[in-house]
Amino acid sequence: MSGNPVDPGTTHRFRLVIDGVDLGVFTGCTGLSCTVEVDEYAEGGRNDSTWYLPKRVRFPPLVLTRPLTAEAEKTSQWVLDVVTDSRQRTGHIAALSASSTVVAKWDLLNVVPISWSGPNFEVSAPVAATEVLEIVHHGFFKAGTT
């Protein structure tokens, strides 16, 4: 074996594309998860177990962060454009390896931005300027099924 193999499970960035609009690469992503709500059902006559019946799936907001780049203007404008155009949007978020290959991809249904924030300009606090985009969606879907 020559060279050091790249660990495909190590992600460094996340690319967000909504309806073909590439919003760029983010360095942080939280909220990529789902929770299944269940009803507990204790069957009469069975005292040794409980049935769990799935009810609905909930998806928390996705929060994407990155250092401030020129893409921040594009992202903030996209948020404002969505407010004036209420059509449903689909998108995907891809986890990228250090060599920019896609490690995993999630397609998102009915994406809506709920907040965007740019950097705080504070001379006395020498921290990196960051951008934060928060979006909600109605769940993951298999590509080609919408």
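**Aromatic contact, sheet order and salt bridges in a predicted model**

With a relative accessible area of 22%, Phe 59 lies just above the 20% limit under which a residue is called buried, and Phe 59 is therefore classed as partly exposed. The structure described here is a predicted model, and the values that follow were computed from its atoms. The number of aromatic pairs in this model comes to one. In that pair, the ring centres of Phe 59 and Phe 140 are separated by 5.1 Å and the ring planes stand at 85°, so the arrangement is edge-to-face. Because Phe 59 is located in the loop between β5 and β6 (62-67), whereas Phe 140 belongs to strand β11 (residues 140-141), the contact ties together parts of the chain that are 81 residues apart in sequence. Phe 140, for its part, has a relative accessible area of 32% and is likewise partly exposed.

The chain as a whole contains one helix and 11 strands, and from the N terminus the elements follow the order β-β-β-β-β-β-α-β-β-β-β-β. Of its 146 residues, 25% are counted as buried. The accessible surface of the chain amounts to about 9500 Å², of which carbon and sulfur atoms supply 55%. Among contacts with a sequence separation of 6 or more, 62% are made by residues 24 or more positions apart.

Five of the strands are arranged in an open sheet with the order β2-β1-β7-β8-β11, in which the pairing is antiparallel. The edges of this sheet are occupied by β2 (21-26) and β11, each of which has a single partner strand, so that one side of each is left without a neighbour in the sheet. Strands β1 and β2 are joined in the antiparallel sense over five bridges, and Ile 18 has Val 21 as its bridge partner in β2. On the other side, strand β1 (residues 13-18) is connected to β7 by six antiparallel bridges, with Ala 94 of β7 serving as the bridge partner of Arg 15. Six further bridges, again antiparallel, connect β7 to strand β8 (residues 102-108), where His 92 is placed opposite Asp 107 of β8. Strand β7 (residues 91-96) is largely enclosed by the rest of the structure, because five of its six residues are buried.

Positive phi values in residues other than glycine occur in two of the loops that connect these strands. In the hairpin of β7 and β8, which has five residues between the strands, Ser 100 adopts a positive phi near 70°; the relative accessibility of Ser 100 is 44%, so this residue counts as partly exposed. Asp 19, in the loop between β1 and β2, has a phi near 45° and, at 33% relative accessibility, is also partly exposed.

Asp 19 takes part in the ionic contacts of the model as well, for which the count comes to nine salt bridges. The closest N and O atoms of Arg 87 and Asp 19 are 2.8 Å apart, and the two residues form a salt bridge. Since Arg 87 is located in the loop between α1 (71-84) and β7, while Asp 19 lies in the loop between β1 and β2, this pair ties together parts that are 68 residues apart in sequence. Arg 87 is partly exposed, its relative accessible area being 45%. Asp 19 and Arg 87 belong, together with Asp 85 and Arg 89, to a network of linked salt bridges.

Arg 15, already noted as the bridge partner of Ala 94, forms a salt bridge with Asp 22 in which the closest N and O atoms are 2.8 Å apart. Both side chains of this pair belong to partly exposed residues, with a relative accessible area of 29% for Arg 15 and 28% for Asp 22. A further salt bridge joins Glu 37 to Arg 56, with the closest N and O atoms at 3.0 Å; this pair links distant parts of the chain, as Glu 37 is in strand β4 and Arg 56 in strand β5, 19 residues apart. Arg 56 is partly exposed at a relative accessible area of 40%.

Strands β4 (35-41) and β5 (51-58) also each contribute at least two residues to a nonpolar patch. This surface patch consists of Val 36, Val 38, Tyr 52 and Val 57, with about 350 Å² of accessible area together. Val 57, one of its members, is situated in strand β5 and counts as partly exposed at 41% relative accessibility.

Key. Residues are numbered from 1 along each chain as its sequence is written. This is a predicted model: local features need pLDDT of at least 70, side-chain atom pairs count only at pLDDT 80 or more; totals for chains, interfaces and linings use all residues. Side-chain values use heavy atoms; hydrogens and water are left out. Patches are made of residues with over 30% relative accessible area and no salt bridge: like charges are joined within 9 Å, nonpolar side chains (Val, Leu, Ile, Met, Phe, Trp, Tyr) within 5 Å. Accessible areas come from the Shrake-Rupley method with a 1.4 Å probe; for residues, only the protein chains shown count as cover. A salt bridge is a side-chain nitrogen of Lys or Arg within 4 Å of a carboxyl oxygen of Asp or Glu. Helices (H or I, at least four residues) and strands (E, at least two) are DSSP runs, numbered from the N terminus. Buried means under 20% relative accessible area, exposed over 50%, partly exposed in between (1.4 Å probe, protein chains only). Contact means heavy atoms within 4.5 Å. Two strands pair if DSSP finds at least two bridges between them. Rings of Phe, Tyr and Trp (its six-membered ring) pair if their centres lie within 6.5 Å; planes under 30 degrees apart count as stacked, over 60 as edge-to-face and the rest as tilted.
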